[in-house]
Amino acid sequence: MSTHASCPALLIAAPASGQGKTTVTAALARLHARQGRRVRVFKCGPDFLDPHWHELASGAPVHSLDLWINGAQDCARRLHDAALEADLLLIEGVMGLFDGDPSAADLAQRFGVPVLAVVDASAMAGTFGALAHGLRDYRPGLPWAGVLANRVGSARHADMLRVGLRDPQDWLGALARITLGEGPALLPERHLGLVAAHELGDALQRLDAAADALAATPLGQMGSADLQRWAVDFPVPQATEAVPPLLAGRTVAVARDAAFSFLYAANLQTLEELGARLCFFSPLAGDRLPPCDAVWLPGGYPELHAARIAANTGLRADLLRHLNAGLPLWAECGGMVALCESVQLPDGTVQPLLGLLPGQATLNKRLAGLGPQQLPVAGELLRGHTFHYSTLASSAPVVARSSRPGEASAPDAGEALYRVGSLHASYFHAWFASSPRAVAHLLGGEGA
């Protein structure tokens, strides 16, 4: 039976993107996990890449928290359940502290989680204090922990930043720019964000370097007793309706490798709650399609691995047989691109792909879709988001379109939901828990 939970918690935020939130969150998780504490990390807003680093740092699954996509009740349940078993909860914010609707500040205020502000202070001195003061006091009643200066040039620079604060207790330390030797950025990036931790052989070494640096700061030197100043009470959440077992007795095959890595742990959890048995396969490793009743191709980076995907002709034949048998396949963003006839890269090169969905994707240098979306499916509304650089020209029938929160679908807006027989595909990334019945429909559940 659920009980009241209390646990130290921090929301790591910043005045803007690119300040170092992910590095600090992962470093803090790794530091305390190394000391034997049970750390649970969450990501504010939709994100597939940062959670890879946080899961490696903490040793525990990482879930997203978004007051619209998840809903406040789902967020409350996930925080409460984590607080019951953890010694420290960390939530990485998204963009700037007050950016977006809902924002990271909205989440912090809703659940009473103190905000730790990470500020890139590499090109400032006295303004650091003004910025910290503004972040702390801009919104009355915002829970506050303090500020950490990032990418600081020297000890003297750090002193200049510290004395500029109105409240000395706001100072939680300074970090120099962290690298591995003379190498590039500690956490490297590419067009969709950070390179996932599992793609780097030295990922844990990178996290240890960040944790070692943080250990020299006042924040990093805090032990269990010190962390209690940020203890948060998480009440027992309201009871929720049980997920109906609409996929009971069905096996869902899920592609999972470097080309298909955009998987919410919560989505897998929802499939299991629907009664599905999950099995995983790797198109890049040459795997054939395992025996299954439905297939899910999640997003990822098919454009980086197009030749290997196209070379898996056995998998293509398996998927074609699967579809010819009328069995369901749900392809999401990069999973949809992988099914296309080809993809054109920014240099003009055209790479063939699986060729099971008519059309060609084109990878652009600028974002083509970004933000929260809702998609009508079988009379239900799936919530989720869109984030992609490619565009798709396809003759496949469009059976629905996504829309922004609170808006109606329009013929030339949002993301198209394509349907060819038992294949459904879209750039839309679904949060399965928002409508398990819609997910069961896409994957062929009885009664959905």
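Student: Which residue forms a salt bridge with Arg136?
Tutor: The model is predicted, and a salt bridge here needs a side-chain nitrogen of Lys or Arg within 4 Å of a carboxyl oxygen of Asp or Glu. For Arg136 the closest N and O atoms of the pair are 3.1 Å apart, and the partner is Asp170.

Student: How many residues apart in sequence are the parts that this pair ties together?
Tutor: Arg136 lies in helix α5 (residues 127-137), while Asp170 lies in the loop between α6 (155-163) and β7 (171-174). Arg136 is buried, and so is Asp170. The pair therefore ties together parts of the chain whose separation in sequence is 34 residues.

Student: Is Arg34, the salt-bridge partner of Asp208, buried or partly exposed?
Tutor: Asp208 and Arg34 have their closest N and O atoms 3.0 Å apart. The pair links distant parts of the chain, with Asp208 in helix α7 (residues 203-214) and Arg34 in helix α1 (residues 21-34), 174 residues apart. Buried means under 20% relative accessible area and exposed over 50%. Arg34 has 36% relative accessibility, so Arg34 counts as partly exposed.

Student: Which residues do salt bridges that share partners join into one network?
Tutor: A search of the whole structure finds 18 salt bridges, one of them between Asp208 and Arg34. Salt bridges that share partners make one network of Arg30, Arg34, Asp208 and Asp212.

Student: What is the relative accessibility of Arg78, which forms a salt bridge with Asp74?
Tutor: The closest N and O atoms of Asp74 and Arg78 are 2.7 Å apart. Both residues lie in helix α3 (residues 67-85), four residues apart, or about one turn of the helix. Asp74 counts as buried because its relative accessibility is 11%. Arg78 also counts as buried, with a relative accessibility of 5%.

Student: How are α1 and α2 oriented to each other, and what is the handedness of the crossing?
Tutor: The axes of α1 and helix α2 (residues 50-58) come within 7 Å and cross at roughly 15 degrees. Angles under 35 degrees count as roughly parallel, so α1 and α2 are roughly parallel to each other. The crossing in which α1 passes α2 is right-handed.

Student: Which residues of α2 are met by residues in α1?
Tutor: The α1 side consists of Thr22, Thr25, Ala26, Ala29, Arg30 and Ala33. Of these, Arg30 also belongs to the salt-bridge network with Arg34, Asp208 and Asp212. The residues met in α2 are Asp50, His54, Ala57 and Ser58.

Student: How many residues of strand β5 are buried?
Tutor: On one side of β5, Val115, Ala117 and Val119 are buried, and on the other side Leu116, Val118 and Asp120 are buried. Both faces are thus covered. For β5 (residues 115-120), the count of buried residues is six of six.

Student: Which residue in β6 is the bridge partner of Val118?
Tutor: Strand β1 (residues 5-13) pairs with β5 in the parallel sense over three bridges, and Ala13 has Ala117 as its bridge partner. β5 and strand β6 (residues 144-150) also pair in the parallel sense, over six bridges. In β6, the partner of Val118 is Leu148.

Student: In the open sheet of four strands, which are the edge strands?
Tutor: The order is β16-β15-β17-β20, with mixed pairing. Strand β17 (residues 357-363) and β20 pair in the antiparallel sense over four bridges, and Thr362 has Thr391 in β20 as its bridge partner. The edge strands each pair on one side only, and they are β16 (350-352) and β20 (390-393).

How values were computed: Residues numbered from 1 in each chain as written. Predicted model: local features only at pLDDT ≥ 70, side-chain atom pairs only at ≥ 80, totals over all residues. Heavy atoms only, no water. Pairing = 2+ DSSP bridges. Helix = DSSP H or I, 4+ residues; strand = E, 2+ residues; numbered from the N terminus. Buried < 20%, exposed > 50% of the residue type's maximum accessible area, 1.4 Å probe, protein only. Axes fitted to C-alpha atoms, helices over the stretch in contact; angles between N-to-C directions. Parallel < 35°, antiparallel > 145°, perpendicular 65-115°, else oblique. Left-handed = near helix turned anticlockwise from the far one by under 90°. Contact = heavy atoms within 4.5 Å.
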